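Good morning, everyone, and thank you for making the time. I would like to walk you through one structure, element by element, and I will try to stay with what the coordinates themselves show.

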Amino acid sequence: MQASQGPQRSCSVHKLYNKPMQQVQQNYTPCRASDNSNYNDGSNSQAQVSLTTENEKFFTVDTFPATDCAIYDGDPSVSVSSNRSPFSSQCSQSNMFEQRRSYEKTAGSPVSLCSGVDDSNGKKHELRELNNKLLRPESDIDDSCSCSLNGVVSKHFSLTRRNQVLDVASRLDLKELLVACAEAVDEADTSTAEVLMDALEKRVSVYGEPMQRLSAYMLEGLRARLLSSGSNIYKKLKCNEPTSSELLSYMQVLYHITPYFKFAYMSANVVISEAMKNENRIHIIDFQIAQGSQWVFLIHYLARRPGGPPFLRITGIDDSQSAHARGGGLQLVGERLASIAKSCGVPFEFHTAALSGCMVKLENLRVRHGESLAVNFPYMLHHMPDESVSTMNHRDRLLRLVKSLSPKIVALVEQEMNTNTAPFLPRFRETLDYHKAIFESVDVTRPRNDMQRIRSEEHCIARDVVNLIACEGADRVERHEVFGKWRSRLLMAGFTPCPLSPSVAEAIKVMLKEYSSNYKLAESQGALYIGWSNRALATSSAWQLPHSLPLGS
């Protein structure tokens, strides 16, 4: 059957993603002849661009240097030129992003937090009042009635002071209270932190609004950090995972109700399929193959390639969570993909590399002469420790290793989040702002009391939140960087950006029609951004060696 040409080629790919997941991932539906379905260290620039969209008055564009920026929101033809990224972290009164301040500005009191609260309502005054009370010498407070629950006079924290802190805390919104608590934890002010945690405990709930649910998990992270038990709490969360089938079902819930995984799979598949359109032997190295469902779609697409399908070999690198979710080793992924490839008539071979990215060496990848190589990094590189954690610097080592393989294309998808080398307070604020958007995007899909959603958040999102807040050093494995920093790393490793063809954005726009209109798509610096409202959440980009040709050429 003849495949369409030009930009329409991606349609054969993205149509497959719109099938119910159980049809593709769980049952692995065979091909049929009649089947036609298918802290900001990236930049210092300050410019800002706004444009009018159909659904909101202003759309602010800022943060990183860019050449051309296209915003896909309603009218796909709208585009602007800018030297900033397509999503903003600026605080405004028009429901824009929360401000991503420099670390010098965010290391202070809760007053510096951009909360969207008008100063006229007295909130900023109350925050100052709380700060002043926390900083007052103990001798300035009458503790004649200060006693602990067992009747012993407290030498460190009077009941009067506790009541004063609680009084001010009661007038703060949940976000302000969280930040005030984080500051107390950061200053090792245990007494104050415990009072604020008690206040938070009464206002958070995993069954509540998005901010209440997120706050419940952030509170646990703060408790663990205060008790210096962050790594133990994180390991306990990992050890107490649900059964394999339960975890897989929770991951599939997130796959269905949010577009983040489809964004990664679709954009990378279109990039790889276009780069390999004239190749007869293809080798894909997937550094986080998970359940292998991404390649089901690509196999279906390759089966329809004019002139017959190419030989496809996939090397899958494992991670412990995915291994637990599928209830077995990588051979399960290989068997499923081989079965689908056989039914589709695609010559196929699967190679397993059951080890973490930090352990990958050249001999594990089995690159062969005569095969055109594609490398896939799906939400994976941020788990690799860099020079700030270890002299081994596995993050850059892995990029140099990939470069030595001379790949034709490298697909990179990462969360747009700035937590790698950020000090605790800026990292806490970034975690709060980022995951607030994540929880809001999940909230619109399921009722508040939906247990599948609750369990999905608990087992697939909360663990990362706790790790970001409670852990440091090698124990903190969630180390995200913004695209500007990834761009610098890949350039230093010897790669050049590969401009994305229009078919990549087109495929994602079609997919996003299934979801809330609050999802936004934009393009800048050759990368595709997906966001919720006006918060950038993930980027997809393509990279090549200097001698390679651009996509679509």
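Let me begin with a pair of residues, valine 410 and tryptophan 543, which stand opposite each other, the tryptophan being in strand β13. Before I go further, please keep in mind that this is a predicted model, and that everything I say should be heard in that light.

The valine brings us to strand β9, residues 409-415, which runs antiparallel to β13 and is joined to it by 6 bridges. Strand β13 itself covers residues 535-544, and because 10 of its 10 residues are buried, it is largely enclosed by the rest of the structure.

Which other strands pair with β13? One of them is β10, residues 496-497, which pairs with β13 in the antiparallel sense over 2 bridges, and here threonine 496 has glutamine 544 as its bridge partner. Another is β12, which is also antiparallel to β13 and pairs with it over 5 bridges, with isoleucine 530 finding its bridge partner in alanine 538. Strands β12 and β13 form a hairpin with 2 residues between the strands, and in that hairpin serine 533 takes a positive phi near 55°.

Just ahead of β12 there is a glycine that I would like you to find on the screen, namely glycine 526, which lies in the loop between β11, residues 519-524, and β12, residues 527-532. Is this glycine buried, partly exposed or exposed? Its relative accessible area is 28%, and because buried would require a value under 20% and exposed a value over 50%, glycine 526 counts as partly exposed. If we set aside its neighbours within four places in sequence, glycine 526 is in contact with Cys498 and Leu500. As for the tryptophan we started from, glycine 526 and tryptophan 543 are 17 residues apart in sequence, and their C-alpha atoms are 9.8 Å apart in space.

Now let me turn to a parallel arrangement, centred for our purposes on strand β5, residues 281-286, which is mostly covered, with 5 of its 6 residues buried. Strand β5 pairs in the parallel sense with β6, residues 311-317, over 6 bridges, and within that pairing isoleucine 282 has leucine 312 in β6 as its bridge partner. Together with helix α12, residues 293-303, strands β5 and β6 make a right-handed β-α-β unit. Strand β5 also pairs in the parallel sense with β8, residues 372-378, over 5 bridges, where isoleucine 284 stands opposite alanine 374.

That leaves the helices. How do α10 and α18 pack? Helix α10, residues 244-257, and helix α18, residues 451-460, pack at an angle of about 105°, with their axes 9 Å apart, and that angle makes α10 roughly perpendicular to α18. On the α10 side the contact involves Leu247, Tyr250, Met251, Val253 and Leu254, which meet Gln452, Arg455, Ser456, His459 and Cys460 in α18. By residue class, this contact divides into 6 nonpolar, 3 polar and 1 charged.

Finally, there is helix α19, residues 462-470, for which 9 of the 9 residues are buried, so that this helix is largely enclosed by the rest of the structure. For those of you who think about side-chain chemistry, the buried residues of α19 include Arg463, Asp464 and Asn467, as well as Val465, Val466, Leu468 and Ile469.

Terms used
Residues are numbered from 1 along each chain as its sequence is written. This is a predicted model: local features need pLDDT of at least 70, side-chain atom pairs count only at pLDDT 80 or more; totals for chains, interfaces and linings use all residues. Side-chain values use heavy atoms; hydrogens and water are left out. Axes are lines fitted to C-alpha atoms, for helices over the stretch in contact, and angles run from 0 to 180 degrees between N-to-C directions. Helices (H or I, at least four residues) and strands (E, at least two) are DSSP runs, numbered from the N terminus. Angles under 35 degrees count as roughly parallel, over 145 as roughly antiparallel, 65 to 115 as roughly perpendicular and the rest as oblique. Contact means heavy atoms within 4.5 Å. Ala, Val, Leu, Ile, Met, Phe, Trp, Tyr, Cys and Pro count as nonpolar, Asp, Glu, Lys and Arg as charged, and the others, Gly among them, as polar. Buried means under 20% relative accessible area, exposed over 50%, partly exposed in between (1.4 Å probe, protein chains only). Two strands pair if DSSP finds at least two bridges between them. A crossover is right-handed if, with the strands pointing away from the viewer, the path from the first strand over the helix to the second runs clockwise.
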